[in-house]
Amino acid sequence: MIQVNENSIKLCCGGSGGCPIIEDIGGGKVKITDDDGNVITVKKDEANMITPALEHLDSNTPAAPGEELLLG
């Protein structure tokens, strides 16, 4: 379930823990708070690379040593 607020989105998966929150903090940046309350702040273009990075990890395709992955 996704809950949309004015400047944030809460990602609830129905687990017993908290729900990650993605918040637009302006200046082209987002703040991501995980289930445990840990926070990171990243540029939106960096956050946009999360999905393709996860897709690569899920593909179980190993990268060669020193290989750069071009995402985005």
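## A guided tour of the predicted model

Start with the lining of the largest pocket, whose residues divide into 6 nonpolar, 2 polar and 1 charged, where Ala, Val, Leu, Ile, Met, Phe, Trp, Tyr, Cys and Pro count as nonpolar, Asp, Glu, Lys and Arg as charged, and the others, Gly among them, as polar. This is a predicted model, in which local features need pLDDT of at least 70 and side-chain atom pairs count only at pLDDT 80 or more, while totals for chains, interfaces and linings use all residues. Residues are numbered from 1 along each chain as its sequence is written, and side-chain values use heavy atoms, with hydrogens and water left out.

**The whole protein**

Display the whole chain and colour by pLDDT, the predictor's confidence in each residue, from 0 to 100: the protein averages 86, and 82% of the residues score at least 70. Switch to a cartoon view to find 2 helices and 5 strands, which follow the pattern β-β-β-β-β-α-α when read along the sequence; helices (H or I, at least four residues) and strands (E, at least two) are DSSP runs, numbered from the N terminus. Among these elements, strand β5 (residues 39-43) has the highest mean pLDDT, 98, and α2 the lowest, 87. Of the 72 residues, 8% count as buried, a word that here means under 20% relative accessible area, with exposed meaning over 50% and partly exposed in between (1.4 Å probe, protein chains only).

**The strands**

Select residues 8-11, strand β2, together with residues 21-26, strand β3: the two run antiparallel and are joined by 3 bridges, and strands are said to pair if DSSP finds at least two bridges between them. Within this pair, Ile9 stands opposite Ile22 in β3.

Add β4 next, which pairs with β3 in the antiparallel sense over 5 bridges. Two positions help to place this pairing, since Glu23 stands opposite Lys31 in β4, and Gly26 has Lys29 in β4 as its bridge partner. The hairpin of β3 and β4 has 2 residues between the strands, and in this hairpin Gly27 takes a positive phi near 65°.

While β3 is on screen, pick Ile25, which belongs to that strand and is partly exposed, with a relative accessible area of 41%. Ile25 and Lys43 are 18 residues apart in sequence, and their C-alpha atoms are 10.0 Å apart in space.

Extend the selection to β5, which pairs with β4 in the antiparallel sense over 5 bridges; here the bridge partner of Lys29 is Lys43 in β5. What phi does Gly37 take in the hairpin of β4 and β5? With 5 residues between the strands of this hairpin, Gly37 takes a positive phi near 90°. Gly37 sits in the loop between β4 and β5 and is partly exposed, with a relative accessible area of 45%. From Gly37, draw a distance to Gly18, which is 19 residues away in sequence and 8.3 Å away in space, C-alpha to C-alpha.

**The disulfide**

Show the side chains of Cys12 and Cys19, which form a disulfide with their sulfur atoms 2.4 Å apart. A disulfide is a pair of cysteine sulfur atoms within 2.5 Å, and by this rule the count comes to 1. The torsion about the S-S bond of Cys12 and Cys19 is about 110°, so the disulfide is right-handed. Are the two cysteines buried or partly exposed? Cys12 is buried, with a relative accessible area of 14%, whereas Cys19 is partly exposed at 23%.

**Back to the largest pocket**

Finally, select Ile22, Val30, Ile32, Lys44, Ala47, Asn48, Ile50, Thr51 and Leu54, which line the largest pocket. On a 1 Å grid over the protein atoms alone, a pocket is an open set of points where a 1.4 Å probe fits, with protein on both sides within 12 Å along at least five of seven lines, and lining residues have an atom within 4 Å of a point. This pocket holds about 230 Å³ of space, a volume being the space filled by probe spheres set on the points, which are joined across faces, edges and corners. Colour the lining by element, and β4 (29-33), α1 (44-47) and α2 (50-58) each supply at least two residues, with the largest share, 3 residues, coming from α2.
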